[in-house]
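Subject: A structure for you, with notes on its salt bridges

Hello,

I am passing a structure on to you, and I hope you enjoy looking through it. Please open it first, then read my notes underneath.

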Amino acid sequence: MTDSTPELTTYPVWDKTVRIFHWLNVLCVLGLIAVGTVILNAKVLGIPSDGKILLKTVHVYIGYIFALNLTWRIVWGFIGNRYARWTAMIPFGTEYRSQLSAMLSGIKSGKPVGFLGHNPIARLMVALLFLLLSVQAISGLVLAGTDVYMPPFGNTIKEWIATDSTTIESVKPYSKTGVDEAAYKEMRDFRKPFITTHYYVFYILLAAIFLHLMGVVVTELKERNGLVSAMFTGKKVFVEKPFDAD
């Protein structure tokens, strides 16, 4: 009697840096969403000004970790292993076109093609997520300076809106002490497109995260290649050699 169980081969894919980035990013995004949601509903929840300042300060500190983690991942996209690089993640280039062609051919023939890294559809989502995360990081840093006067732009903003050089240190969040009203209005006008962007991209990001999670669940159940566990172990398993394997 022969064993009909297909033999699985293990392939390394996600290096340690990618895995650490992923889970640290998950924690940061969850924290930012939680605190951000409370801030958005501060009036309904009856949170006083001091409470809002504290919440925004916590939001910014989480944002620093988030932004540094994202920056390091962007750099790693140029120096990491093959599957960590931008050439293997963004939906452009000859490699992407060949993978897309192979995926479509596999669908037509009824023999789906496996991918060790991100498949062509996942690449679209990865590109979108990195774009949204980057927009949130940049706009968030600007808002940190224009709202609660925190680095990296806080001191510059305080110098902008202070009545003169002697009142810079007296400029505090939610206080008009030492603030030039005209300059403050100019600053708030400058801030407006950043807060608008941060607000709407927040909801777009929530939708993208939901789609990403649904895609992961469907792919895991359909292909059973260890998509989820790979973000812990760095390895996937396949019956047949993946299209993009070395």
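Below is what turned up when the salt bridges were examined.

Please keep in mind that this is a predicted model. Searching the whole structure gives six salt bridges, and here I describe some of them.

A good place to start is Asp-147. Its side chain meets that of Lys-56 in a salt bridge, at 2.7 Å from N to O. Lys-56 belongs to helix α3 (residues 49-79) and Asp-147 to helix α5 (residues 120-147), so this pair ties together parts that are 91 residues apart in sequence. Both ends are buried: Lys-56 has a relative accessible area of 14%, and Asp-147 has one of 12%.

Asp-147 also meets the side chain of Arg-191 in a salt bridge, here at 3.7 Å from N to O. Arg-191 sits in helix α7 (residues 181-223), so its pairing with Asp-147 of helix α5 joins parts 44 residues apart in sequence. Arg-191 counts as buried too, at 9% relative accessibility. Lys-56, Asp-147 and Arg-191 are thus linked in a network of salt bridges.

Helix α5 has another contact to show you. Glu-95 forms a salt bridge with Arg-123, and their closest N and O atoms are 3.4 Å apart. Glu-95 is in helix α4 (residues 93-109) and Arg-123 in helix α5, so the pair ties together parts 28 residues apart in sequence. Which of these two partners is buried? Arg-123 is, with a relative accessible area of 0%, whereas Glu-95 counts as partly exposed at 28%.

Happy exploring, and best wishes

Technical notes. Residues are numbered from 1 along each chain as its sequence is written. This is a predicted model: local features need pLDDT of at least 70, side-chain atom pairs count only at pLDDT 80 or more; totals for chains, interfaces and linings use all residues. Side-chain values use heavy atoms; hydrogens and water are left out. A salt bridge is a side-chain nitrogen of Lys or Arg within 4 Å of a carboxyl oxygen of Asp or Glu. Helices (H or I, at least four residues) and strands (E, at least two) are DSSP runs, numbered from the N terminus. Buried means under 20% relative accessible area, exposed over 50%, partly exposed in between (1.4 Å probe, protein chains only).
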